[in-house]
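User: Please take a close look at one part of this model, the sheets of the second chain and the helices that pack on them, and then relate that part to the contact between the two chains. A connected account would be preferred to a list.

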Amino acid sequence: MKNFGTMFAKEIKEYLRTYKIFVVPGLFLLFGLTSPIITKLLPSLLGSLAEEINIILPEMTWIDSYGQFFKNLNQMGILAIILTTMGTIAEERNRSIAQLVLTKPVSRTSYVLSKYVANLLLITLSSILAFFAAWFYTDVLFTGTIFLNGLGATGVYIVYLAVILALIILASAMTKSAIAAGGLTVLGLVIFNLLPLFSKALSKYSPAVLTDYIYQVAGGTAVSSEVCGAIAFAAGTIIILLATASLLFSRKEL
Amino acid sequence: MEYVIKTNNLCRQFSSVKAVNNLNLNVPKGSVYGFLGPNGAGKTTTIKMLLGLTKPSAGTIQVLDQSAPSENYLHRIGFLPDVPNFYSWMRGDEFLTFVGQLFDIPKAELNRRKAELLEITGLKGVKTKIGGYSRGMKQRLGLAQALINEPEVVFMDEPTSALDPIGRKEILETISIISQRSTVFFSTHILTDVERVCNRVGILNHGELIREDTIAGLHQDYANNAFRLGIIGDPAPFIQELKTKAWVQDVHEEKDSLLLTAFDIKAVQHEIPSLLTKHELGLSKLEQVEMTLEDIFVRLVKS
């Protein structure tokens, strides 16, 4: 882990200078601000779009608002993270910057982990920031909002993102092309989503199931033992993905 | 003699291509070692193996008495790649600070070295981000970052090949300055650069080291025993016979003459006239040639 601190500090500085530190939290914040409003206005919006048809929708609640928020984060948020992170190692290899840095006393493990931890910090803060915005507007627009349910669901969401981030880092360490790394990440996500089909245990604990738990925790219907099991499984998956990334990157010729 | 870089039967194979083949390098401490070779000879692959960026297929490497590849000597070396790339969002002085921190150099000392290196490389006061640097400025920054840890050995991969004459001159002057305190291992195919700054050369061709010597040694072997002969008539049978003579080292046909290298100068003086008579050839000139490093290099590579 030689020079992890210096490499981590460089990553954070890079986020500041390249405005990534504003782009990712800004996008997440946008979802946090707009999701409750869209949920609140959805029935009247649908009504105004189809005046001839009488659409009857159940009254929207704070659970629907949380649901809309996490749905947006699960789609656009993850896409944004893949797009902003897929080149993190691949690009530096391609442009030979990695060559220059790794002929200094920096271990390849530090190099890989500093990128993971810095990105994880950014998406954790972005998710929390977005949640506070979503919770605030949900509380203003709906009655009976439970803060802790939303916070718990955000925690599960962050764990899910941590797995995806480890997958992106692995993909980026495997190739010299950012686009190829993005493609490999999508392939990994497809595999993750297929895993629950193979066994009962995987259908309860594999990382893809975390997305179901996010909604269950937000709605207060989750079984805590199952959620904890999935989180533990996710932690194991992250360790395996990062160890593989570090090992593969250590063997790469630069 | 103390060697700071030693390789023993170093090999690197890429599928069926042997990029480096049984390379035995010996780089003495304090030398400016020109690692010469045509494009594709295996110079960059060798440097990458010495730095641990590429793994050898076979053989051993020792850098500063440490077996390579290893992280143990990285804090004692500097490296300038052929086309240095940096974080484009940083300024030059920031990059030097970043690299200095990787070497764990105390802040005050780092500031002193940064100021000195920015002065030497002519980048003092440049506030532009590296993304806006010219090729020459990047090369100079590359040199500064390679020297920030006051390395015992500096590896440079074709440091001048992409530069204009002024940029080249500046880099070569800086190499002369740093050679006073570091060993410089410097790959290139520009022979005038080697003649200007190096005191020892290794010549690589098709992955094999075909000669390792001092510049003076090369000149001694090739400069005084080379002759240029202007032949009147068909020289082919004459060349054939010359090649059979024990005193002939090499015969090389040029446009209007022959370049003859001999082991025995007196034999040239005494036997050439009789051989010319035998083959009924005339002689328009016979001159002793002062061979340049380029001549020697071309001959070694072609032979």
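**The sheets of chain B and the contact with chain A**

Analyst: In this predicted model, strands β13 and β14 of chain B, the latter spanning residues 258–262, are paired antiparallel through five bridges. Within that pairing, B:Glu253 has B:Leu258 of β14(B) as its bridge partner. The pair belongs to an open sheet of four strands in chain B, ordered β13-β14-β12-β15, in which the pairing is antiparallel. The edges of this sheet are β13 (248–253) and β15 (282–288) of chain B; each has a single partner strand, so one side of each is left without a neighbour in the sheet. On average, neighbouring strands here are turned by 20 degrees against each other, direction ignored.

Two helices accompany this sheet. Helix α8 of chain B, residues 236–244, lies across β12 (226–232), β13 and β14 of chain B, and runs at about 155 degrees to β13(B). Helix α9 of chain B, residues 265–278, also packs on the sheet, where it touches β12, β14 and β15 of chain B. The direction of α9(B) makes about 10 degrees with that of β12(B).

Chain B also has an open sheet of six strands, with the order β7-β8-β9-β4-β10-β11 and mixed pairing. At its edges stand β7 (77–80) and β11 of chain B, and because each has a single partner strand, one side of each is left without a neighbour in the sheet. The average turn between neighbouring strands of this sheet is 15 degrees, direction ignored.

The pairing at either edge can be followed by residue. At one edge, β7(B) runs parallel to strand β8 of chain B (residues 153–157), to which four bridges join it; B:Leu80 stands opposite B:Met156 in β8(B). Helix α5 of chain B (residues 165–178) packs on this sheet and touches β4 (32–36), β8 and β9 (183–188) of chain B. Its direction makes about 150 degrees with that of β9(B).

At the other edge, strands β10 (residues 200–205) and β11 (residues 208–214) of chain B run antiparallel and are joined by six bridges. B:Asn205 stands opposite B:Glu208 in β11(B). These two strands form a hairpin with two residues between them, and in the turn B:His206 has a positive phi of about 50 degrees.

The contact between the chains completes the account. Chain A contributes 26 residues to it and chain B contributes 27 residues. Together the two chains bury about 2600 Å², of which 59% is on carbon and sulfur atoms. Three salt bridges are found across the interface of chain A and chain B. A salt bridge joins the side chains of B:Arg12 and A:Glu253, at 2.6 Å from N to O. Polar contacts between chain A and chain B number 11 residue pairs, with both residues at pLDDT 80 or more.

On the side of chain A that touches chain B, the elements giving two or more residues are α1 (4–17), α5 (97–101) and α11 (224–251) of chain A. Of these, α1(A) gives the most, with six residues. By class, that side of chain A comprises eight nonpolar, seven polar and 11 charged residues.

Methods. Residues are numbered from 1 along each chain as its sequence is written. Chains are lettered from A and ligands numbered from 1 in the order in which they are written. This is a predicted model: local features need pLDDT of at least 70, side-chain atom pairs count only at pLDDT 80 or more; totals for chains, interfaces and linings use all residues. Side-chain values use heavy atoms; hydrogens and water are left out. Two strands pair if DSSP finds at least two bridges between them. Axes are lines fitted to C-alpha atoms, for helices over the stretch in contact, and angles run from 0 to 180 degrees between N-to-C directions. Contact means heavy atoms within 4.5 Å. Buried area is the accessible area (1.4 Å probe) that two parts lose on being put together, summed over both. A salt bridge is a side-chain nitrogen of Lys or Arg within 4 Å of a carboxyl oxygen of Asp or Glu. A polar contact is a pair of N or O atoms within 3.5 Å; within protein, one must be able to donate a hydrogen and the other to accept it, and residues adjacent in sequence count only if both atoms are side-chain atoms. Ala, Val, Leu, Ile, Met, Phe, Trp, Tyr, Cys and Pro count as nonpolar, Asp, Glu, Lys and Arg as charged, and the others, Gly among them, as polar.
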